[in-house]
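Here is a short walk through one protein model and its bound molecule. Keep the sequence and the 3D view side by side as you read.

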Amino acid sequence: MSFLEISDVHKSFGHNEVLKGVSLTVERHEVVCLIGASGSGKSTLLRCVNQLEQVNSGEIHIDGDTVTGAGVDLNRLRRDVGIVFQSYNLFPHMSVMDNVTLAPIRVGGVSKREAQEKAMVLLESVGMGIKAKAFPDSLSGGQQQRVAIVRALAMEPRVMLLDEITAALDPELVGDVLEIVRELAHEGLTMMLATHEMGFAKEVSSQVCFLDQGAICEHGSAQQIFEEPREERTQQFLSRVVKSGRL
Amino acid sequence: MSSSSLIRSDVQPSPAPSPPQPVLPLTVAAVVASVIGIALMVLAAVELRNFNHHGVVSTIIGVVLVLLTLYPLWPTLRSIGAGRERARLLQDGKLVAARRSAARGREDAQIGMGYAVASVVVALLLLMVLANSAHGNGIAHTFFSSSAWRQSFSQMLPAFWINIWVALIAQVLVLIFGLLLAVMRMLPGRAGAPLRRIAIVYCDVFRAVPAIVVIYLIVFGVPLAAPGLTKISPTLLGVLALTLTYSAYVAEVYRAGLQSIHPSQTAAARSLGLSYFQTLRTVLVPQAVRRVIPPLLNDFISLQKDTALLSIAAIGEALLTATIWQAKLFNLSPVTLAAFFFIIITIPQARFVDYLINRDASKRAGG
Ligand SMILES: Nc1ncnc2c1ncn2[C@@H]1O[C@H](COP(=O)(O)OP(=O)(O)O)[C@@H](O)[C@H]1O
Ligand SMILES: [Mg+2]
């Protein structure tokens with residue numbers, strides 16, 4: 001059985017069917033990239049995996065356990081599934097350190113000292129150790145996003161979901177954030193990421209899924225999708241991306 | 001050039017340089033306004049001195065007021081100078097310099113006019129207040145009798161102290177009870193529905209019923225309904241009544257604050273594994289409280305004022321004491337004194353609220 005199995009997931013907002021039967025399997029240590037136009041359902045799919053959105057039908061299994069439907073301990077599930085958002089979503093009233101240690105202390109039951117020591121190690125590994133006492137508003141977007149990644153990592157998740165985490169950043173800040181993701185990939189963290197950074201997707205992903213209007217139109221290895229896309233819609237999407245100078 | 005090009009390429013004629021604007025009409029208006037202001041103020045000062053039987057203090061105040069109304073003449077005179085300069089520069093063909101002088105002169109004239117109009121308003125108010133005063137009635141005597149103030153002051157001050165501590169206790173209780181109501185209103189799911197409804201009904205009812213009615217019912221009703229409670233002082237019951245009323249408003253303020261926080265904050269907290277209540281406690285409430293401080297303080301100012309309503313329940317606070325003195329002296333000035341007390345404690349708070357709002361605004365602009 002695969003580590004993460006998404007089978008025939010449907011999701012609607014009112015009458016708007018956003019996911020139309022998405023199935024996908026992710027093995028341990030895999031990095032899966034979701035690409036596709038804006039509004040194709042990438043964010044919604046990621047949010048369904050950690051149950052920020054509830055699926056209408058279909059099932060999602062993590063490590064053999066069903067995580068969709070009633071009776072799932074959501075707070076327990078979310079400890080295993082970290083998510084980083086496009087807009088960072090740091091808590092503005094807390095220092096960087098408090099942002100990172102909030103969940104380990106309140107949810108993980110770790111002592112404050114232990115949590116802070118661990119947070120410091122993580123922050124230093126992304127070059128944010130000196131900003132531990134700073135507040136989010138005083139940081140650049142790239143710095144905030146690095147803190148947000150650390151905040152998710154502090155819960156030691158088994159899967160990380162990254163939702164266009166560089167889309168809101170100034171171009172010169174993108175590299176630092178991607179470098180961290182690259183490192184996590186090398187260390188073998190299982191990840192699903194929605195991204196518009198095609199070059200990066202090509203480099204790190206073991207599997208690329210092209211989403212189109214709420215369905216997986218095509219998926220395969222990065223090489224196959226980018227070099228010889230089979231579906232016409234994939235080809236069109238990629239040629240538009242090339243025109244915009246992103247590939 | 002081709003007609004499909006995005007910009008027009010044929011050269012437009014350069015516009016004629018604009019002439020300096022006139023200064024004289026504004027200067028004349030400023031002079032007229034200043035003169036009217038000074039004349040009215042002299043009249044008012046004479047009235048004031050007569051009303052106070054030519055006392056020294058009133059003479060000094062009158063002189064100071066008249067001197068103050070002379071102030072607008074100063075920018076007005078400067079504008080005359082600037083107008084002359086404008087004419088000279090224009091003759092020399094120095095167009096830009098002339099425009100600058102004209103602008104300066106017009107600005108000075110407008111400043112002079114602003115202060116002159118203000119002094120006219122103040123002088124008219126003074127005249128109105130002092131009208132009829134010679135016959136022992138009129139506004140000054142009815143509302144601002146200094147002898148009535150002197151006689152009632154020693155009792156008014158401790159009475160007003162009651163208003164202050166009633167307000168303080170009620171404010172603390174309202175902060176707690178209001179938050180409780182707001183959280184009740186935000187309970188999630190079907191399980192939360194009954195308590196949610198109770199909170200909604202509570203807020204609707206207590207915002208609908210006038211505070212004075214609640215006070216009446218509580219202060220007179222509680223001892224009747226529960227004879228065991230007759231020992232509770234009416235003042236404490238008044239505190240209770242104000243708390244019940246204002247908690248409904250403050251709950252709404254809290255709720256608006258909680259709802260103003262972007263859902264992405266909740267998503268971030270929940271995705272870290274925090275429960276609904278942990279999210280509320282550590283992420284939503286701390287941010288909401290910061291945002292609601294200005295509207296909260298506004299409600300507190302109203303609460304403070306509404307402590308005067310306790311007078312209908314025979315609680316000896318400032319208004320009741322003032323009306324007793326009014327009956328004794330056949331003069332309303334003690335009530336005006338109560339009004340002054342409220343003004344004195346409210347204005348600093350109102351300024352503080354403004355300060356907080358400005359600080360938040362500039363922070364947002366800067367951030
Ligand atoms: N909370 C929501 N309520 C209603 N519609 C939503 C909501 N979230 C997303 N949608 C809709 O779902 C569709 C897919 O959105 P999304 O998953 O964000 O796409 P992507 O991340 O690929 O740009 C969009 O049409 C969007 O309008
Ligand atoms: Mg998205």
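Two strands count as paired if DSSP finds at least two bridges between them. With that in hand, start at a turn. β1 and β2 of chain A form a hairpin with 2 residues between the strands. In this hairpin Gly14(A) takes a positive phi near 60°. Bear in mind that the model is predicted.

Now follow the two strands away from the turn. β1(A) and β2(A) run antiparallel, and 8 bridges join them. One facing pair is easy to find: Val9(A) stands opposite Val22(A) of β2(A). β1(A), residues 4-13, also pairs with β4(A), residues 57-62. Here 5 bridges are found, and the two strands again run antiparallel. Ser7(A) in this region faces Glu59(A) of β4(A).

Step back to see the whole sheet. It is open, has 4 strands, and follows the order β2-β1-β4-β5 in chain A. The pairing is antiparallel. Which strands stand at the edges? They are β2 (16-26) and β5 (65-66) of chain A. Each has a single partner strand, so one side of each is left without a neighbour in the sheet. Strands of a sheet pair through backbone hydrogen bonds.

A helix crosses this sheet. α1(A), residues 42-49, lies across β1, β2 and β4 of chain A. Its direction makes about 120° with β1(A).

The same helix leads to the ligand. α1(A) gives the most to the shell around ligand 1, with 3 residues. Which residues surround ligand 1? On the list are Phe13(A), Asn16(A) and Val18(A), then Ala37(A), Ser38(A), Gly39(A), Ser40(A), Gly41(A), Lys42(A), Ser43(A) and Thr44(A). By class, this shell holds 3 nonpolar, 7 polar and 1 charged residues.

Look next at the backbone around the ligand. A backbone N or O atom of Ser40(A) lies 3.3 Å from an oxygen atom of ligand 1. For Gly41(A), a backbone N or O atom is 3.1 Å from a ligand oxygen. For Lys42(A), the corresponding distance is 2.9 Å. Taken alone, ligand 1 exposes 560 Å², and the protein buries 59% of that. Two elements give two or more residues to the shell: β2 and α1 of chain A.

Turn now to another sheet in chain A. This one is open too, with 6 strands in the order β6-β7-β8-β3-β9-β10. Its pairing is mixed. At the edges stand β6 (81-84) and β10 (215-220) of chain A. Each of these has a single partner strand, so one side of each lacks a neighbour in the sheet. On average, neighbouring strands are turned by 20° against each other, direction ignored.

Begin at the β6 edge. β6(A) and β7(A), residues 159-163, pair in the parallel sense over 4 bridges. Val81(A) stands opposite Val159(A) in β7(A). A helix packs on this sheet as well: α9(A), residues 232-243. α9(A) touches β3 (31-35), β9 (207-212) and β10 of chain A. Its direction makes about 95° with that of β9(A).

Finish at the β10 edge. β9(A) and β10(A) run antiparallel, joined by 5 bridges. Phe210(A) faces Glu218(A) of β10(A). What does Gln213(A) take in the hairpin of β9(A) and β10(A)? Gln213(A) takes a positive phi near 50°, in a hairpin with 2 residues between the strands.

Definitions and conventions. Residues are numbered from 1 along each chain as its sequence is written. Chains are lettered from A and ligands numbered from 1 in the order in which they are written. This is a predicted model: local features need pLDDT of at least 70, side-chain atom pairs count only at pLDDT 80 or more; totals for chains, interfaces and linings use all residues. Side-chain values use heavy atoms; hydrogens and water are left out. Contact means heavy atoms within 4.5 Å. Axes are lines fitted to C-alpha atoms, for helices over the stretch in contact, and angles run from 0 to 180 degrees between N-to-C directions. A residue is near a molecule or strand if one of its heavy atoms lies within 4 Å of it. A polar contact is a pair of N or O atoms within 3.5 Å; within protein, one must be able to donate a hydrogen and the other to accept it, and residues adjacent in sequence count only if both atoms are side-chain atoms. Accessible areas come from the Shrake-Rupley method with a 1.4 Å probe; for residues, only the protein chains shown count as cover. Ala, Val, Leu, Ile, Met, Phe, Trp, Tyr, Cys and Pro count as nonpolar, Asp, Glu, Lys and Arg as charged, and the others, Gly among them, as polar.
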